[in-house]
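Here is a short tour for anyone who likes to know a fold before computing on it. Keep the viewer open and follow along, one region after another.

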Amino acid sequence: MPQYLVSTYFPDNFDPSTVDAATAEGIHALNREMDAAGVTKFACGLGAAHTLRMQSSGDLLLTDGPYLEAKEYVGGVMILECADLDEVLTWARRSAKLCGPQMPVEVREIFFVPAPAKD
């Protein structure tokens, strides 16, 4: 079955302590339901990014995010194994409703091509 990356984007100024108890319980309930359905392969929240970029000079540049400027960052990810795009979108819609308009949810199919065996 195909696997999908489901990402939640948080606003740059997101403070996890502002999530109310009802929303937190809704997220936990959805996670328990996805676990029971057997679609969850991995799920977690993420903090802000720190990115290392090789410069043409050979130096490494450390930035405090994945982009030079960003108003959002990936704040959570799930790897879901679903029969097809329709099934994963059903789960993602429920997640997006829980997260609200300030936290969009993105779905991407994961393409895995194993390395060829060495001779």
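## The β3-β4 hairpin

G58 has a positive phi near 95° in the hairpin of β3 and β4, where five residues lie between the strands. Please keep in mind, here and below, that this is a predicted model.

The two strands of the hairpin, β3 (residues 51-54) and β4 (residues 60-63), run antiparallel and are joined by four bridges. To find the pairing in your viewer, look for R53, which stands opposite L61 in β4.

## The four-stranded sheet

In what order do the four strands of the open sheet follow one another? The order is β2-β5-β1-β6, and the pairing is antiparallel. The edges are taken by β2 (40-45) and β6 (105-109); each has a single partner strand, so one side of each is left without a neighbour in the sheet. On average, neighbouring strands here are turned by 20° against each other, direction ignored.

Strand β1 (residues 3-11) and strand β5 (residues 72-81) run antiparallel, with nine bridges between them. Two places help to fix the register: V6 has M78 as its bridge partner in β5, and S7 stands opposite V77 in β5. Strand β5 also pairs with β2, again in the antiparallel sense, over five bridges. There the bridge partner of A43 is M78, the residue that also serves V6 of β1. Eight of the ten residues of β5 are buried, so this strand is largely enclosed by the rest of the structure.

## Two neighbours in β1

S7 and T8 make a handy pair to compare. In a regular strand, side chains alternate between the two faces of the sheet. S7 has its place in strand β1, and T8 lies in that strand too. Is S7 buried or exposed? With a relative accessible area of 4%, S7 is buried. T8 also counts as buried, at 8% relative accessibility, because the cut-off for that class is under 20%.

Leaving aside neighbours within four places in sequence, S7 is in contact with V74, G76, V77, P104, V105 and E106. With the same neighbours left aside, the contacts of T8 are Y73, V74, G75, G76, S95, C99, M103, P104 and V105. Both lists include V74, G76, P104 and V105.

## Helix α2 and W91

Helix α2 (residues 85-99) packs on the sheet, where it touches β1, β5 and β6. The direction of α2 makes about 160° with that of β6.

W91 is a good residue to click on in helix α2. It counts as buried, at 10% relative accessibility. Not counting residues up to four places away in sequence, W91 touches L30, E33, M34, A37, V39, L80 and C82. L30 and W91 are 61 residues apart along the chain, yet their C-alpha atoms are separated by 8.4 Å. Since α1 spans 21-37, the contacts L30, E33, M34 and A37 fall within that helix's range.

## The largest pocket

What volume does the largest pocket have? The value is about 610 Å³. The pocket is lined by 29 residues, and the closest to its centre are T8, F10, I27, G75 and C99. T8 is in contact with two others from that group, G75 and C99.

The elements β1, α1 (21-37), β2, β5 and α2 each give two or more residues to the lining. Which element gives the largest share? That is α1, with seven residues. By class, the lining has 18 nonpolar, ten polar and one charged residues.

## The loop before β6

Q102 sits in the loop between α2 and β6. Is Q102 buried or exposed? Q102 is exposed, with a relative accessible area of 56%.

Not counting residues up to four places away in sequence, Q102 touches Y9 and P11. F10 is another useful landmark: the C-alpha atoms of Q102 and F10 are separated by 7.1 Å, although the residues are 92 apart along the chain. F10 is also one of the residues closest to the centre of the largest pocket.

Conventions
Residues are numbered from 1 along each chain as its sequence is written. This is a predicted model: local features need pLDDT of at least 70, side-chain atom pairs count only at pLDDT 80 or more; totals for chains, interfaces and linings use all residues. Side-chain values use heavy atoms; hydrogens and water are left out. Two strands pair if DSSP finds at least two bridges between them. Axes are lines fitted to C-alpha atoms, for helices over the stretch in contact, and angles run from 0 to 180 degrees between N-to-C directions. Contact means heavy atoms within 4.5 Å. On a 1 Å grid over the protein atoms alone, a cavity is a set of points where a 1.4 Å probe fits but cannot get out, and a pocket is an open set with protein on both sides within 12 Å along at least five of seven lines; lining residues have an atom within 4 Å of a point. Grid points are joined across faces, edges and corners, and a volume is the space filled by probe spheres set on the points. Ala, Val, Leu, Ile, Met, Phe, Trp, Tyr, Cys and Pro count as nonpolar, Asp, Glu, Lys and Arg as charged, and the others, Gly among them, as polar. Buried means under 20% relative accessible area, exposed over 50%, partly exposed in between (1.4 Å probe, protein chains only).
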